Amino acid sequence: MNWKALSAVVVIVGIAAFVWFVLDRSATSEFNDEPTSALIDETNKPEKTVKQTLAVESEEDYSEKAAEVPEPPAAVNGSDEQIRAAAAKLSAPLAGWLQPSEQVRKWVSAVDQLANYRLPTKHLPFVYSKEPFLVIKTEDGLVNDPGNYTRWDSMISTVTAADPKSLAIFYKKWSPFLEGTYNELGNPQSFDNQLRTMIEHLLIVEPIPENAAMKRPKVMYQYVDPVLENADPLSKWMWRLGPENMKKLQDWLRELESYL
(Lines give C-alpha, C1' and ligand atoms only; values in the text may rest on other atoms or scores of the structure.)
Protein backbone atom coordinates (compact mmCIF):
# COMPACT_ATOMS: atom_id res chain seq x y z
CA MET A 1 0.00 0.00 0.00
CA ASN A 2 1.33 3.44 -0.89
CA TRP A 3 0.28 5.21 2.30
CA LYS A 4 1.65 8.57 1.22
CA ALA A 5 -0.60 8.62 -1.81
CA LEU A 6 -3.63 7.41 0.11
CA SER A 7 -3.01 10.07 2.74
CA ALA A 8 -2.90 12.72 0.07
CA VAL A 9 -6.55 12.23 -0.87
CA VAL A 10 -7.56 12.89 2.71
CA VAL A 11 -5.78 16.23 2.63
CA ILE A 12 -6.55 17.44 -0.90
CA VAL A 13 -10.29 17.03 -0.67
CA GLY A 14 -10.30 18.41 2.85
CA ILE A 15 -7.89 21.33 2.35
CA ALA A 16 -9.06 23.52 4.59
CA ALA A 17 -9.05 22.56 6.12
CA PHE A 18 -9.95 20.57 7.66
CA VAL A 19 -13.12 21.80 9.19
CA TRP A 20 -16.73 20.54 8.92
CA PHE A 21 -18.34 18.45 6.26
CA VAL A 22 -21.32 16.50 5.00
CA LEU A 23 -22.44 13.86 2.59
CA ASP A 24 -24.42 10.78 1.77
CA ARG A 25 -25.14 8.67 -1.24
CA SER A 26 -27.98 10.59 -2.81
CA ALA A 27 -29.21 14.13 -3.28
CA THR A 28 -32.25 13.38 -1.13
CA SER A 29 -30.17 12.29 1.86
CA GLU A 30 -30.20 14.03 5.22
CA PHE A 31 -26.53 14.77 4.60
CA ASN A 32 -27.46 17.42 2.03
CA ASP A 33 -28.68 20.87 3.03
CA GLU A 34 -31.40 20.58 0.43
CA PRO A 35 -32.34 18.08 -2.32
CA THR A 36 -30.33 19.78 -5.04
CA SER A 37 -31.52 17.56 -7.87
CA ALA A 38 -35.10 18.59 -7.28
CA LEU A 39 -34.18 22.22 -7.84
CA ILE A 40 -32.40 21.77 -11.16
CA ASP A 41 -34.07 22.43 -14.50
CA GLU A 42 -32.88 19.47 -16.54
CA THR A 43 -33.16 21.44 -19.79
CA ASN A 44 -30.80 24.14 -18.51
CA LYS A 45 -28.41 21.99 -16.48
CA PRO A 46 -24.86 23.41 -16.74
CA GLU A 47 -22.26 21.21 -18.40
CA LYS A 48 -19.87 19.48 -16.03
CA THR A 49 -16.32 20.60 -16.74
CA VAL A 50 -13.14 18.86 -15.63
CA LYS A 51 -9.73 20.27 -16.52
CA GLN A 52 -7.98 17.54 -18.50
CA THR A 53 -4.38 18.77 -18.32
CA LEU A 54 -2.89 20.07 -15.07
CA ALA A 55 0.13 22.34 -14.76
CA VAL A 56 1.92 19.74 -12.66
CA GLU A 57 2.08 17.46 -15.72
CA SER A 58 4.75 19.73 -17.19
CA GLU A 59 7.10 19.01 -14.27
CA GLU A 60 10.17 16.96 -15.20
CA ASP A 61 9.52 14.31 -12.56
CA TYR A 62 5.78 14.05 -13.17
CA SER A 63 5.82 10.68 -14.93
CA GLU A 64 8.09 9.15 -12.31
CA LYS A 65 6.00 10.34 -9.38
CA ALA A 66 2.69 9.60 -11.08
CA ALA A 67 3.77 6.00 -11.55
CA GLU A 68 4.12 5.69 -7.77
CA VAL A 69 0.51 6.70 -7.17
CA PRO A 70 -1.73 3.64 -6.77
CA GLU A 71 -4.90 3.09 -8.74
CA PRO A 72 -7.98 4.43 -6.92
CA PRO A 73 -10.35 1.93 -5.24
CA ALA A 74 -13.00 0.28 -7.36
CA ALA A 75 -15.60 1.49 -4.85
CA VAL A 76 -15.80 3.94 -1.98
CA ASN A 77 -17.44 1.47 0.40
CA GLY A 78 -15.02 -0.09 2.83
CA SER A 79 -12.22 2.40 2.26
CA ASP A 80 -12.32 4.06 5.70
CA GLU A 81 -9.76 1.84 7.40
CA GLN A 82 -7.34 2.21 4.49
CA ILE A 83 -7.52 5.97 4.79
CA ARG A 84 -7.06 5.95 8.56
CA ALA A 85 -4.11 3.54 8.37
CA ALA A 86 -2.48 5.62 5.65
CA ALA A 87 -3.05 8.84 7.57
CA ALA A 88 -1.48 7.31 10.71
CA LYS A 89 1.79 6.71 8.86
CA LEU A 90 1.81 10.27 7.54
CA SER A 91 0.53 12.07 10.63
CA ALA A 92 -0.64 10.68 13.96
CA PRO A 93 -2.74 13.80 14.72
CA LEU A 94 -4.48 13.56 11.35
CA ALA A 95 -5.32 9.89 11.81
CA GLY A 96 -6.65 10.61 15.28
CA TRP A 97 -9.15 13.09 13.86
CA LEU A 98 -10.60 10.74 11.23
CA GLN A 99 -12.97 8.87 13.52
CA PRO A 100 -16.34 9.12 11.70
CA SER A 101 -17.35 6.70 8.97
CA GLU A 102 -17.89 7.48 5.26
CA GLN A 103 -14.61 9.40 5.09
CA VAL A 104 -14.31 9.93 1.34
CA ARG A 105 -17.96 10.84 0.90
CA LYS A 106 -17.84 13.41 3.69
CA TRP A 107 -14.57 14.96 2.54
CA VAL A 108 -15.81 15.27 -1.04
CA SER A 109 -18.95 16.94 0.25
CA ALA A 110 -16.79 19.36 2.22
CA VAL A 111 -15.44 20.79 -1.01
CA ASP A 112 -18.97 21.34 -2.29
CA GLN A 113 -20.02 23.02 0.94
CA LEU A 114 -17.03 25.36 1.03
CA ALA A 115 -17.35 26.19 -2.67
CA ASN A 116 -20.79 27.56 -1.80
CA TYR A 117 -19.53 29.57 1.20
CA ARG A 118 -21.18 27.13 3.60
CA LEU A 119 -19.59 25.74 6.73
CA PRO A 120 -21.28 22.44 7.73
CA THR A 121 -21.66 21.79 11.43
CA LYS A 122 -22.95 18.20 11.50
CA HIS A 123 -21.93 14.81 10.06
CA LEU A 124 -18.31 15.91 10.26
CA PRO A 125 -15.56 13.63 8.86
CA PHE A 126 -13.21 14.33 11.75
CA VAL A 127 -13.09 15.20 15.41
CA TYR A 128 -10.85 18.15 16.21
CA SER A 129 -10.89 19.25 19.84
CA LYS A 130 -10.23 22.87 20.70
CA GLU A 131 -10.71 25.23 23.61
CA PRO A 132 -13.80 27.49 23.82
CA PHE A 133 -13.72 30.88 22.09
CA LEU A 134 -12.69 33.65 24.49
CA VAL A 135 -12.86 37.43 24.47
CA ILE A 136 -11.07 40.20 26.35
CA LYS A 137 -12.93 43.03 28.03
CA THR A 138 -11.34 46.42 27.28
CA GLU A 139 -12.30 50.04 27.91
CA ASP A 140 -13.85 50.08 24.44
CA GLY A 141 -15.76 46.83 24.88
CA LEU A 142 -15.17 43.17 23.99
CA VAL A 143 -12.47 42.05 21.55
CA ASN A 144 -11.15 38.70 20.42
CA ASP A 145 -8.58 37.05 22.68
CA PRO A 146 -5.45 36.50 20.50
CA GLY A 147 -4.98 33.21 22.32
CA ASN A 148 -7.91 31.86 20.30
CA TYR A 149 -5.69 31.64 17.23
CA THR A 150 -3.53 28.91 18.74
CA ARG A 151 -6.55 26.60 18.80
CA TRP A 152 -6.06 26.09 15.07
CA ASP A 153 -2.25 25.81 14.98
CA SER A 154 -2.19 22.02 14.91
CA MET A 155 -4.77 21.74 12.14
CA ILE A 156 -3.14 24.31 9.87
CA SER A 157 0.34 22.92 10.46
CA THR A 158 -0.84 19.40 9.59
CA VAL A 159 -2.58 20.48 6.39
CA THR A 160 0.21 22.72 5.12
CA ALA A 161 2.85 20.08 5.84
CA ALA A 162 1.54 18.14 2.82
CA ASP A 163 3.57 18.75 -0.35
CA PRO A 164 1.34 20.68 -2.84
CA LYS A 165 3.10 19.22 -5.87
CA SER A 166 2.60 15.63 -4.71
CA LEU A 167 -1.05 16.32 -3.94
CA ALA A 168 -1.61 17.71 -7.43
CA ILE A 169 -0.05 14.60 -8.99
CA PHE A 170 -2.21 12.40 -6.81
CA TYR A 171 -5.31 14.43 -7.66
CA LYS A 172 -4.70 13.98 -11.39
CA LYS A 173 -4.83 10.19 -11.09
CA TRP A 174 -7.68 10.07 -8.59
CA SER A 175 -9.84 12.71 -10.28
CA PRO A 176 -12.23 10.23 -11.99
CA PHE A 177 -12.76 8.43 -8.67
CA LEU A 178 -13.51 11.70 -6.88
CA GLU A 179 -15.84 12.81 -9.66
CA GLY A 180 -17.79 9.58 -9.33
CA THR A 181 -18.11 10.01 -5.60
CA TYR A 182 -19.17 13.63 -5.96
CA ASN A 183 -21.80 12.70 -8.57
CA GLU A 184 -23.67 10.84 -5.84
CA LEU A 185 -24.75 14.25 -4.58
CA GLY A 186 -26.68 14.86 -7.80
CA ASN A 187 -25.23 18.36 -8.15
CA PRO A 188 -24.90 20.05 -11.56
CA GLN A 189 -21.26 21.03 -11.25
CA SER A 190 -18.19 18.81 -11.38
CA PHE A 191 -16.04 18.10 -8.35
CA ASP A 192 -13.10 19.65 -10.20
CA ASN A 193 -15.04 22.89 -10.62
CA GLN A 194 -16.04 22.95 -6.96
CA LEU A 195 -12.49 22.23 -5.80
CA ARG A 196 -11.14 25.17 -7.78
CA THR A 197 -13.99 27.41 -6.64
CA MET A 198 -13.37 26.46 -3.02
CA ILE A 199 -9.69 27.36 -3.31
CA GLU A 200 -10.55 30.72 -4.87
CA HIS A 201 -13.01 31.48 -2.08
CA LEU A 202 -10.42 30.72 0.57
CA LEU A 203 -7.83 32.88 -1.19
CA ILE A 204 -9.96 36.01 -1.54
CA VAL A 205 -10.66 36.32 2.18
CA GLU A 206 -8.81 39.33 3.59
CA PRO A 207 -7.77 39.93 7.22
CA ILE A 208 -10.05 41.98 9.41
CA PRO A 209 -9.00 44.99 11.50
CA GLU A 210 -7.08 44.12 14.62
CA ASN A 211 -9.18 44.13 17.79
CA ALA A 212 -12.50 44.25 15.92
CA ALA A 213 -15.19 45.01 18.49
CA MET A 214 -17.48 42.15 19.53
CA LYS A 215 -20.71 41.72 21.45
CA ARG A 216 -22.70 38.87 22.93
CA PRO A 217 -26.42 39.54 22.57
CA LYS A 218 -27.31 35.91 23.32
CA VAL A 219 -25.16 32.78 23.33
CA MET A 220 -22.84 33.42 20.40
CA TYR A 221 -20.40 36.29 20.05
CA GLN A 222 -20.97 38.66 17.15
CA TYR A 223 -19.03 41.46 15.47
CA VAL A 224 -20.28 44.94 16.28
CA ASP A 225 -19.51 46.11 12.74
CA PRO A 226 -22.47 44.94 10.60
CA VAL A 227 -20.19 44.54 7.58
CA LEU A 228 -18.12 41.96 9.45
CA GLU A 229 -21.08 40.30 11.11
CA ASN A 230 -22.93 39.88 7.81
CA ALA A 231 -19.94 38.27 6.12
CA ASP A 232 -20.28 34.67 4.92
CA PRO A 233 -19.49 31.84 7.38
CA LEU A 234 -16.38 30.80 5.43
CA SER A 235 -14.80 34.25 5.84
CA LYS A 236 -15.63 34.30 9.53
CA TRP A 237 -13.94 30.95 10.03
CA MET A 238 -10.83 32.16 8.22
CA TRP A 239 -10.72 35.19 10.53
CA ARG A 240 -10.91 32.92 13.56
CA LEU A 241 -7.71 31.20 12.40
CA GLY A 242 -5.77 34.38 13.08
CA PRO A 243 -3.63 36.38 10.63
CA GLU A 244 -0.59 34.06 10.76
CA ASN A 245 -2.52 30.82 10.29
CA MET A 246 -4.65 32.42 7.61
CA LYS A 247 -1.60 33.57 5.64
CA LYS A 248 0.07 30.18 6.07
CA LEU A 249 -2.98 28.39 4.68
CA GLN A 250 -3.45 30.82 1.80
CA ASP A 251 0.23 30.60 0.79
CA TRP A 252 -0.08 26.81 0.72
CA LEU A 253 -3.27 26.99 -1.33
CA ARG A 254 -1.65 29.33 -3.87
CA GLU A 255 1.16 26.84 -4.39
CA LEU A 256 -1.31 23.98 -4.74
CA GLU A 257 -3.39 26.01 -7.19
CA SER A 258 -0.30 26.69 -9.31
CA TYR A 259 0.07 22.94 -9.92
CA LEU A 260 -3.61 22.45 -10.72
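**Note on the sheet and two helices**

1. Strand 1 and strand 2 form a hairpin, with 2 residues between them. The model is a predicted one, and this note takes the sheet before turning to the helices.

2. The pairing within the hairpin is antiparallel and runs over 4 bridges, with strand 2 covering residues 141-144. Two of the residue pairs can be named. Thr 138 has Gly 141 of strand 2 as its bridge partner. Lys 137 is matched in strand 2 with Leu 142. Strands of a sheet pair through backbone hydrogen bonds, either parallel or antiparallel.

3. Strand 2 also pairs with strand 3, residues 213-215. These two strands run antiparallel and are joined by 2 bridges. For Val 143, the bridge partner in strand 3 is Ala 213.

4. Taken as a whole, the sheet is open and has 4 strands in the order 1-2-3-4, with antiparallel pairing. Why do strand 1 and strand 4 each have one side without a neighbour in the sheet? Strand 1 (135-138) and strand 4 (222-223) stand at the edges and have a single partner strand each, so one side of each is left free of a neighbour in the sheet.

5. Helix 8 spans residues 191-204 and contains His 201. Is His 201 buried or exposed? Its relative accessible area is 11%; because buried means under 20%, His 201 counts as buried. The side chain of His 201 reaches the backbone oxygen of Ala 115 at 3.0 Å. Leaving aside residues up to four places away in sequence, His 201 touches Leu 114, Ala 115, Tyr 117 and Leu 234. Ala 115 therefore appears both in the list of residues touched by His 201 and as the residue whose backbone oxygen the His 201 side chain reaches.

6. Asn 193 is also found in helix 8. Its relative accessibility is 23%, so Asn 193 counts as partly exposed; the partly exposed class lies between under 20% and over 50%. Asn 193 and Val 111 are 82 residues apart along the chain, and 9.8 Å separates their C-alpha atoms.

7. Helix 11 consists of 17 residues, 243-259. At 1.5 Å a residue it should span 24 Å, and its end C-alpha atoms are 25 Å apart, which agrees. Which residues of helix 11 are buried? They are Asn 245, Met 246, Leu 249, Gln 250, Trp 252, Leu 253, Leu 256 and Tyr 259.

Terms used: Residues numbered from 1 in each chain as written. Predicted model: local features only at pLDDT ≥ 70, side-chain atom pairs only at ≥ 80, totals over all residues. Heavy atoms only, no water. Pairing = 2+ DSSP bridges. Expected span 1.5 Å × (residues − 1). Buried < 20%, exposed > 50% of the residue type's maximum accessible area, 1.4 Å probe, protein only. Polar contact = N/O pair within 3.5 Å; in protein donor to acceptor, adjacent residues only side chain to side chain. Contact = heavy atoms within 4.5 Å.
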